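Hi,

Here's the structure I said I'd pass along. Have a look at it first, then read my notes underneath.

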Amino acid sequence: MGTVVDAPKAAHTTTDAVGRLKEKGVKVVFVLGGPGSGKGTQCANIVRVFGFTHLSAGDLLRAEIKSGSENGTMIQNMIKEGKIVPSEVTIKLLEKAMLENGNDKFLIDGFPRNEENRAAFEEVTKIEPEFVLFFDCPQEEMERRLLGRNQGRDDDNIETIRKRFKVFLESSLPVVEYYNLKDKVRKVDAAKPIDDVFESVKVIFSNFSKKVM
């Protein structure tokens, strides 16, 4: 009898995941900005001060590639070809990470990357972001930062950087515009020094209680 009862559970993993995310009362903030706009640095500050968990879509995808799984190989090939990874692949990784974490406040960095990502995320998870934190930075400044940093990333050469800018402008800005119409965009001038940028960020997050140090 046990096997008969257990079988349907395996078949409804995604539904269970969605239900559990809603039950958990998960709060999500999307973090968007061009490559080199300082998202990673500011996310680390938000985690430290406000106790959020930082989930980088890119890091989750890179970890999946490193795992050597079939999924990882597929992701690697798509990235090499300059394609955007299918929404459901990234959403599945994000869902898993949120369910496995004890926290209920998440910064999702670098996702949604396009309108299709956005619609799929809301459809699959039944969650809308509290707001979108948008780091607005001129292309010249982002380029200067990326060429000046040394993080050992293969994708920090001038041609790839410019390709990433183009993808961001064409794909991600419509997501910002969509949420702007819903009054859910909190824009930050990311060209300022790091500490000044975080002062602006702190004001935006003032409704969230600070982490007890």
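Below is what turned up, starting with the cysteines and then moving on to one helix and one residue.

Keep in mind that this is a predicted model. A search through the whole structure for disulfides came back with zero. As for where two of the cysteines sit, C43 has a relative accessibility of 0%, so it counts as buried, the cut-off being under 20%. C137 comes out at 9%, so it is buried too by that cut-off.

Next, have a look at helix α7, which covers residues 115–125. What caps its N-terminal end? That's N114: one of its side-chain oxygens lies 3.2 Å from the backbone nitrogen of E116. Within the helix, the buried residues include N117, R118 and A120, and F121, E122 and T125 are buried as well. After α7 comes K126, which has a positive phi, near 60°.

Finally, find I46 in helix α3, residues 39–50. Is I46 buried or exposed? Buried, because its relative accessibility is 0% and anything under 20% gets that label. Leaving out residues up to four places away in sequence, I46 touches G51, F52, L107, L133, F198, V201 and F205. Try K202 as well: I46 and K202 are 156 residues apart along the chain, yet their C-alpha atoms are separated by 7.9 Å.

Shout if anything is unclear!

Cheers

Methods: Residues are numbered from 1 along each chain as its sequence is written. This is a predicted model: local features need pLDDT of at least 70, side-chain atom pairs count only at pLDDT 80 or more; totals for chains, interfaces and linings use all residues. Side-chain values use heavy atoms; hydrogens and water are left out. A disulfide is a pair of cysteine sulfur atoms within 2.5 Å. Buried means under 20% relative accessible area, exposed over 50%, partly exposed in between (1.4 Å probe, protein chains only). Helices (H or I, at least four residues) and strands (E, at least two) are DSSP runs, numbered from the N terminus. A polar contact is a pair of N or O atoms within 3.5 Å; within protein, one must be able to donate a hydrogen and the other to accept it, and residues adjacent in sequence count only if both atoms are side-chain atoms. Contact means heavy atoms within 4.5 Å.
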